[in-house]
Amino acid sequence: MRLLRTLLFRLVSTAVTLVGVAVIVFVVIRIVPGNPIAMMLPPGATPEDIALLTAHYGLDKSIPEQFFIWAGGVLQGDFGTSITARQPVLTLVLGRLPATLELSIMALVIAVILGGAAALTGTRERGTKIEAGIDVTNGMALSIPDFLWGLILILLFGVAWPLFHISGRVTPSLDLPFTTDFYLFESVIRLRFDIWADIVSHMFLPALALAIPLAAIIGQLLKQSLKETMHFDYVTLARTKGYGETRVITREALPNAVLPTLTLVGVQFTFLIGGTVIIERLFSYQGLGNMAIDAVINRDLPLIQGIVILFAVIFTVVNLVVDLTYALLNPRLRHA
Amino acid sequence: MSFLSISNLSVRIAGTTTRLLRDVALSVSPGEVHGLVGESGAGKSMIGKAVLGILPRSVEIISGQIELDGTDLLTLPPAEHRRRIGQSCALIPQDPMTALNPSRRIGPQITDRLVDILGWNRAKARERAVELLHEVHIPDPDRILRSYPHELSGGMRQRILIASAFAAEPKLIIADEPTTALDVTVQKQILKLIKEMQERHNTALLFVTHDLGVVSKICQSLSVLYGGLVVEATDVHGFFRAPSHAYSRALLAATPKYTDPEASLTPVPDAVITEVNAQVDAVDREWRGG
């Protein structure tokens, strides 16, 4: 009942957020310099040609008028047609979404594994040189942004020791027998581990570049939270029952320490998705972010709008999932 | 034959010469309740922590023996120390509100030691948990075992912690001011329950408290601590009839009389503090000299 009310409230607030995002993007991309018509016509086009094309795309109308035409279409599932690709925006965007989702989720998994390992080891070895070493590594990981990590990784594992692919999502010569665009997921389902290995080899470096700063945040926050939890009486009581340090940390402290970290990870994960824009460009990874940059360069207004709305939807969904997980993990909230 | 026998135990703040326990010696036999009495900071809880191996990292043991059933725990590797404690000792903690893990159900918190350390199967451990909850007079054990700590009252939680302490039939239980954090009305019941359980299981009990009234009700013998030094160790009858140390007498005189609520409280006189401080200093001088 309570959960239902929460969900309903979230849905309404999500709708309000999306409308806000739509208005802002719609207006901003129309008042900044540069327009798509100028990009499409060859030098020396006559004013008549320009006027004709402007009218064709409806750009001669006022901004509010354009907005309501566009919004009317969106409500019927029509996000307009990309000016450069001349295909429906929805088809283009949904075609790229799986690539970005797979990359982000892989980055999140790497970040949780690395950050979790750092936090658990640091807690176990608290007060020693090992903890100091982990703190220093964390600090370094955090102070270098994801796109610089991307460059460093390209230089290290693409150029100096070419262990991984550094460009694209999959080797183009491979014959892909897939029906969806979730290549990584589908290759596992179809047991095509040859293709899976190729995809992972392409995704690993960009995912790692995105993951490193997040891993550092998770490591630092979770370690702090674990160390505080280690002082609680129930942890001491577990020691007197005969449990060793590792068991005490993972079973008594971790479930209680993980909650404050979770909220922050949700927020940071949305930043990570934002980071895909540059990282995908860097690794020529065919995802939403790469498409967004192309769309901005070409002033492909309908496509920009579509991509931004989709990013906004992803952000709100991530936040919703985090809130639900939080309620699920915390017995005090679950029973309230 | 005593089950726990501590001798010559000294503990200091790591890296300093400040001793928190000064050559402590005491022993507890099966079925015996031994009280550890003293003011805050006298080192009463420190003794229990040293036995259980849960001293804070900032504190180190510098000398002494802690013999459990004839084996000196301090000569054992840490993992073996931990295993022996888990098998034969248990702690009843001070504050039931913080001593249960808020994210775990009650059942596993009572039975985890039986399954993980003593190798019982889960079904048998669960039966044992139900039996224990009956023993500590908790109705509807099935529901309680499935509950989370936040669903239960402080008194209820302390009963559960007592049940958990007795789960593995320990030979020694250390109760660290187990009633201090409770309501006065609940205190009495919990004290009665601990006594009842201890007698039924014939357990050796080390009872840490600052309340001499509690000592007179539950203990057979006691050690009075001041500044980490045992200033008097005796049986309870002798103590309450004629305490031999001046500090003990002052402590006894400072106990509020419930029969005369109007009477003003008697603090421990300065002269006694000076005397006992001098005694602590003398012990330290001897320790440094030797």
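**View 1. Asp176(B) stands opposite Val208(B), a residue of strand S8(B).** This is a predicted model, in which local features need pLDDT of at least 70 and side-chain atom pairs count only at pLDDT 80 or more, while totals for chains, interfaces and linings use all residues. Residues are numbered from 1 along each chain as its sequence is written, and chains are lettered from A and ligands numbered from 1 in the order in which they are written. The two strands to look for here are S7 (residues 172-176) and S8 (residues 204-209) of chain B, which run parallel and are joined by five bridges. A word on terms: strands (E, at least two residues) and helices (H or I, at least four) are DSSP runs, numbered from the N terminus. Two strands pair if DSSP finds at least two bridges between them. In general, strands of a sheet pair through backbone hydrogen bonds, either parallel or antiparallel.

**View 2. Step back, and S7 and S8 turn up in an open sheet of six strands in chain B.** Reading across, the order is S6-S7-S8-S3-S9-S10, with mixed pairing. At the edges sit S6 (89-92) and S10 (229-235) of chain B, each pairing on one side only. On average, neighbouring strands of this sheet are turned by 15° against each other, direction ignored. For such angles, axes are lines fitted to C-alpha atoms (for helices, over the stretch in contact), and the values run from 0 to 180 degrees between N-to-C directions.

**View 3. Two helices of chain B meet this sheet: H1 packs on it, and H10 lies across S9 and S10.** Helix H1 (residues 44-52) touches S3 (33-38), S6, S7, S8 and S9 (221-226) of chain B. The direction of H1(B) makes about 145° with that of S7(B). Helix H10 (residues 246-254) of chain B, for its part, runs at about 100° to S9(B). Contact here has a set cut-off: the C-beta atoms of two residues, placed from the backbone, lie within 7 Å.

**View 4. S9(B) and S10(B) make a hairpin with two residues between the strands.** The pair is antiparallel, with six bridges. Pick out Val224(B) and you'll find its bridge partner, Glu232(B), in S10(B). In this hairpin, Gly227(B) takes a positive phi near 55°.

**View 5. Chain B has an open, antiparallel sheet of four strands, in the order S2-S1-S4-S5.** S2 (19-28) and S5 (71-72) of chain B are the edge strands, so to speak the two that each pair on one side only. Strands S1 (residues 4-13) and S4 (residues 59-68) of chain B pair over eight bridges, in the antiparallel sense. One bridge to try: Val11(B) has Ile61(B) in S4(B) as its partner.

**View 6. Helices H3(B) and H6(B) pack with their axes 8 Å apart.** The angle between H3(B) and H6 (residues 154-166) of chain B is about 25°. These two helices are therefore roughly parallel to each other, a label for angles under 35 degrees (over 145 is roughly antiparallel, 65 to 115 roughly perpendicular, and the rest oblique). H3(B) passes H6(B) in a right-handed crossing, meaning that the near helix is turned clockwise from the far one by less than a right angle. Ile106(B), Gln109(B) and Ile110(B) of H3(B) meet Ile160(B), Ala163(B) and Ser164(B) of H6(B). Sorted by class, this contact has four nonpolar, two polar and no charged residues. Nonpolar here covers Ala, Val, Leu, Ile, Met, Phe, Trp, Tyr, Cys and Pro; charged covers Asp, Glu, Lys and Arg; the others, Gly among them, are polar.

**View 7. Here chain B meets chain A, with 25 residues of chain B in contact with 16 of chain A.** On the chain B side, H2 (78-88), S6 and H3 (106-116) each supply at least two residues. H2(B) gives the most, with six. By class, the chain B side has 13 nonpolar, six polar and six charged residues.

**View 8. Over in chain A, domain 1 (2-75) touches domain 2 (96-335).** The bounds come from an automatic or database domain assignment. The C-alpha centres of the two domains lie 33 Å apart, and the contact takes 13 residues from domain 1 and twelve from domain 2. On the domain 1 side, H1(A) gives the most, with nine residues.
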